[in-house]
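Here are some comments on the model you sent, set out as numbered points. They deal with aromatic rings, one arginine and a patch on the surface.

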Amino acid sequence: MSTVWKDKKRTIFGLPLSFTKYELTEEKFLINTGVLNVSEDEIRLYRFVDMTLKQSLGQRIFGVGDICCQTSDRSSGSFVIKSVKRPREVKDMLSDLVEAERDKKRVSIREVAGAQPDDFDQDHFDPDDFDGPGHP
């Protein structure tokens, strides 16, 4: 499985001084964290339900942003891809791959969510409430 995109979480001045690494393949999204105690979280692309791009003024100045994701994955749920370069391009790439994977697997959004569309209303999702995968 080939890597389509990868980056690190960016910290001050948009520099990749973090131990959080993101990797996107054609079928899944991986989040690796830690140095001594390493953790890897894997989310299948067809499980993504919604994505939102957020950028503060400081993030816009340094060309980074957050991508807030909602998934039907039980272990990850809602999470934020924090401070990545070219966030709009990454969000669009991720969105296109999600749609392609759903088409390939013949999965509809209703099947992914297992709920009514109203259950994923943006009014109830605040990315500031999440520290990372599976940590509300």
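1. Please keep in mind throughout that this is a predicted model. I begin with Y22, which counts as buried because its relative accessibility is 4%, under the 20% that marks the limit for that class. F29 is likewise buried, with a relative accessible area of 1%, and F79 is buried with a relative accessible area of 0%.

2. A pair of aromatic rings is described by the distance of the centres and the angle of the planes. By the rule applied here, the count of aromatic pairs comes to five. In the pair of Y22 and F29 the ring centres are 6.1 Å apart and the planes stand at 25 degrees, so this pair is stacked; the angle falls under the 30 degrees required for that label.

3. F29 also pairs with F79, and this aromatic pair is stacked too, at 6.2 Å centre to centre and with 25 degrees between the planes. The pair of F29 and F79 links distant parts of the chain, since F29 sits in strand β3 (residues 28-33) and F79 in strand β7 (residues 78-85), 50 residues apart. Taken together, ring pairs join Y22, F29, F48 and F79 into a cluster.

4. Which residues does R10 touch, once those up to four places away in sequence are set aside? R10, which is found in the loop between β1 and β2, touches L15, P16, V64, K82, S83, V84 and K85 on that count. R10 counts as buried because its relative accessibility is 13%, again under the 20% limit. Its side chain reaches the backbone oxygen of G14 at 3.4 Å, a distance within the 3.5 Å allowed for a polar contact. R10 and Q59 are 49 residues apart in sequence, while their C-alpha atoms are 9.8 Å apart in space.

5. L15, one of the residues touched by R10, is found in the loop between β1 (3-8) and β2 (21-25). L15 is classed as partly exposed because its relative accessible area is 40%, which lies between the 20% limit for buried and the 50% limit for exposed.

6. Finally, L15 belongs to a nonpolar surface patch of about 760 Å², which is made by I12, F13, L15, L17, L57, I61 and F62. For L15, the relative accessible area of 40% is over the 30% needed for a residue to be part of such a patch.

Technical notes
Residues numbered from 1 in each chain as written. Predicted model: local features only at pLDDT ≥ 70, side-chain atom pairs only at ≥ 80, totals over all residues. Heavy atoms only, no water. Patch = residues over 30% accessible without salt bridge, like charges linked within 9 Å, V, L, I, M, F, W, Y side chains within 5 Å. Areas by Shrake-Rupley, 256 points an atom, 1.4 Å probe, with all protein chains shown as cover. Salt bridge = Lys/Arg side-chain N within 4 Å of Asp/Glu carboxyl O. Helix = DSSP H or I, 4+ residues; strand = E, 2+ residues; numbered from the N terminus. Buried < 20%, exposed > 50% of the residue type's maximum accessible area, 1.4 Å probe, protein only. Phe/Tyr/Trp six-rings, centres within 6.5 Å; stacked < 30°, edge-to-face > 60°. Contact = heavy atoms within 4.5 Å. Polar contact = N/O pair within 3.5 Å; in protein donor to acceptor, adjacent residues only side chain to side chain.
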